[in-house]
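Student: I should like a close look at one part of this model. Please describe the largest pocket, what lines it, and how it relates to the rest of the chain.

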Amino acid sequence: MSAQQLDAATQAKLQLMQEMEVEMMSDLYSRMTTACHKKCIPPKYSDAELGKGESVCLDRCVAKYLEIHERIGKKLTAMSAQDDDLKKKMGA
């Protein structure tokens, strides 16, 4: 493979990874919005504006959702690194 082909393949991989990241973040936002709305806002609106209790509930819900998402990401990254290390040891 020539250097140009490798560069094109690397660019294609990078673009695919970026597209997947955007899709995952969009999915996270959608799930978080649905879950926190369902949990914090009653189905029958009594006021056009969010109440203080609803706002606090939403803030906490979003914070928890993002914290868990970060923890899972770190755990998956660590597991992936362990897999890579194991593959290197077995291949050596």
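Tutor: What follows describes the pocket first and then its surroundings along the chain. The model is predicted, and the values below are computed from it.

The largest pocket has a volume of about 210 Å³. Two helices, α1 (3-40) and α2 (52-91), each contribute at least two residues to its lining. The lining consists of Glu21, Met24, Met25, Leu28, Tyr65, Ile68, His69, Ile72, Gly73 and Leu76. Of the two helices, α2 provides the largest share of this lining, with 6 residues. In chemical character, the lining residues of the largest pocket comprise 7 nonpolar, 2 polar and 1 charged. Glu21 is the charged member, because Glu is counted as charged. His69 and Gly73 belong to the polar group, because His and Gly are both counted as polar.

A record offers a further frame for this region. UniProt, in an unreviewed entry, places the feature "domain: Tim10-like" at residues 15-77. Over residues 15-77, the chain is 83% helix and 0% strand. The C-alpha atoms at the two ends of this stretch are 20 Å apart.

Between α1 and α2 runs a loop, and Ala48 lies in that loop. Ala48 has a relative accessible area of 78%, and is therefore classed as exposed, the cut-off for that class being over 50%. Ala48 and Asp84 are 36 residues apart along the chain, and their C-alpha atoms are separated by 52 Å.

Note on methods: Residues are numbered from 1 along each chain as its sequence is written. This is a predicted model: local features need pLDDT of at least 70, side-chain atom pairs count only at pLDDT 80 or more; totals for chains, interfaces and linings use all residues. Side-chain values use heavy atoms; hydrogens and water are left out. On a 1 Å grid over the protein atoms alone, a cavity is a set of points where a 1.4 Å probe fits but cannot get out, and a pocket is an open set with protein on both sides within 12 Å along at least five of seven lines; lining residues have an atom within 4 Å of a point. Grid points are joined across faces, edges and corners, and a volume is the space filled by probe spheres set on the points. Helices (H or I, at least four residues) and strands (E, at least two) are DSSP runs, numbered from the N terminus. Buried means under 20% relative accessible area, exposed over 50%, partly exposed in between (1.4 Å probe, protein chains only). UniProt positions are given in the numbering used here, feature names are shortened, and annotations may be inferred rather than shown by experiment.
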